[in-house]
Amino acid sequence: MTEIVKKSTIEKEENAVETKTAVTNRAMVRPAKKRRNQLPLAFVVLLGVIFMAYYLAGKSAGLAISWLFGICFGVVLQKSRFCFTAAFRDPILTGSTSLTKAVIIAVAVATVGFGAVQYAAVSKGGAIAGSISPVGWHVAIGAVMFGIGMVIAGGCASGTLMRVGEGFVMQWLTLVFFVAGTVLGVRHWGFWERLFFDGASRVHLPSVLGWPLAITLQLAVLGILYIVADKWGNRNKG
Amino acid sequence: MAEYRLDCLGEACPVPLLKTQKKMAELQVGDILIVEVDHSCAMKNVPEWARKEGHNVEIEEIGEGEWDIYIEKAK
């Protein structure tokens, strides 16, 4: 009895090894297309980036810093395949929550960072740094619309820009309409402001709850979301 | 041990994944599906989904920004 069981497990293992090599061999059989060496191009682009930074620094230091931060941000975004769209889409589509957890961690890090910047600014008697937007139902409505749009377009704002740079042509089209929509939005800003923003209140949690409670509360909510995301990811693991 | 190709060139995320999921449902165990993609995001979520389902997956970059994802249906 035990011998049969043993035999079947061995056979199973052998099969598993076989199928594994079958796929591996397939991948090796087809020769890869001849690739161009991209290093010279990379060198030219790097020189261009440095030259542009130098040129911008002549106009204003802030511009040059923004330029370099933008480039670095793009590189990290591309290499890590970090994607806000996937963070909200994949849990439902594939049951994968790895990017969702990455976004939650990013927000948690940003909470601490922005908290420190704002606290420093306020304790010096300055205004609260960063943009504090009016809260209301319009946020939820806009978020749902943006969510539908970004899943269809295949990327959020940063994701679209990153893939435009990657050379994915369909997203160049996305960029055209992304810019068109933004221009329209800015042009009609006054209308939206009167309709939604003037009536809504701007809430800055630390001013209402105090700094320790506000930061703790936000981190606690993010922690709970992380645990939920982790559970969701493991639950779907066949 | 049939072999199928799925052309997802020019398709943005999540279309390659949805097409793969549909195609995999039609395949017999042991069949191989080769998904051709050129969207970097599909490079992450197609193999991730397939591995989670328990299939064997190999990825090969066949050109600049063009990948073949080999998926063997395991169950």
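Analyst: Accessible areas come from the Shrake-Rupley method with a 1.4 Å probe. In this predicted model, chain A exposes about 16900 Å², and carbon and sulfur atoms supply 73% of that area.

User: Thanks! What share of chain A counts as buried?

Analyst: Of its 238 residues, 23% count as buried.

User: Let me try one residue. Why is T174(A) called buried?

Analyst: Its relative accessible area is 16%. Buried means under 20%, so T174(A) belongs in that class. You will find T174(A) in helix 8, residues 169-187 of chain A.

User: Which residues does T174(A) touch, apart from its neighbours within four places in sequence?

Analyst: Its partners are A153(A) and T160(A).

User: What makes Q118(A) a buried residue?

Analyst: The relative accessibility of Q118(A) is 12%, and the limit for buried is under 20%, so Q118(A) is buried. Q118(A) sits in helix 5, residues 98-123 of chain A. With neighbours within four places in sequence left aside, I128(A), A129(A), H204(A) and W211(A) are in contact with Q118(A).

User: And why is L219(A) called partly exposed?

Analyst: Here the value is 33%. Buried would need under 20% and exposed over 50%, so L219(A) falls in between and is partly exposed. Look for L219(A) in helix 11, residues 211-235 of chain A.

User: What does L219(A) meet elsewhere along the chain?

Analyst: Setting aside neighbours within four places in sequence, L219(A) contacts A108(A), T111(A) and V112(A). You can also compare it with I104(A): these two residues are 115 apart in sequence, while their C-alpha atoms are 9.7 Å apart in space.

User: How much of the contact in chain A joins residues at least 24 apart?

Analyst: Among contacts between residues at least 6 apart in sequence, 55% join residues at least 24 apart.

User: How many helices and strands does chain A have?

Analyst: Chain A has 11 helices and two strands. Read from the N terminus, the order is α-α-α-α-α-β-α-α-α-α-β-α-α.

User: What makes helix 3 of chain A roughly perpendicular to helix 7 of chain A?

Analyst: The axes of helix 3 (residues 61-80) and helix 7 (residues 157-166) come within 10 Å and cross at roughly 85 degrees. Angles from 65 to 115 degrees count as roughly perpendicular, so that is the name for this pair in chain A.

User: Which residues meet there?

Analyst: From helix 3 of chain A come F73(A), G74(A), L77(A) and Q78(A); from helix 7 of chain A come S158(A), G159(A), M162(A) and E166(A). The residues of this contact divide into three nonpolar, four polar and one charged.

User: Let's visit chain B. Why is A25(B) called exposed?

Analyst: A25(B) has a relative accessible area of 63%, and exposed means over 50%, so A25(B) is exposed. Its place is helix 1, residues 15-26 of chain B. Its C-alpha atom lies 9.3 Å from that of K73(B), a residue 48 places away along the chain.

User: Is I59(B) buried, exposed or partly exposed?

Analyst: The relative accessible area of I59(B) is 33%. That is neither under 20% nor over 50%, so I59(B) is partly exposed. I59(B) belongs to strand 3, residues 56-63 of chain B. Leaving out neighbours within four places in sequence, its contacts are M43(B), P47(B), R51(B), W67(B), D68(B) and I69(B). The C-alpha atom of H39(B), 20 residues away along the chain, is 13 Å from that of I59(B).

User: What about cysteines? Which classes do C8(B) and C72(A) fall into?

Analyst: C8(B) has 0% relative accessibility, so it counts as buried. C72(A), at 47%, does not pass the limit of over 50% for exposed, so C72(A) counts as partly exposed.

User: How many disulfides are there?

Analyst: A disulfide is a covalent bond between the sulfur atoms of two cysteines. To be counted, a pair of cysteine sulfur atoms must lie within 2.5 Å, and the count over all chains is zero.

How values were computed:
Residues numbered from 1 in each chain as written. Chains lettered and ligands numbered in written order. Predicted model: local features only at pLDDT ≥ 70, side-chain atom pairs only at ≥ 80, totals over all residues. Heavy atoms only, no water. Helix = DSSP H or I, 4+ residues; strand = E, 2+ residues; numbered from the N terminus. Buried < 20%, exposed > 50% of the residue type's maximum accessible area, 1.4 Å probe, protein only. Contact = heavy atoms within 4.5 Å. Axes fitted to C-alpha atoms, helices over the stretch in contact; angles between N-to-C directions. Parallel < 35°, antiparallel > 145°, perpendicular 65-115°, else oblique. Nonpolar A, V, L, I, M, F, W, Y, C, P; charged D, E, K, R; others polar.
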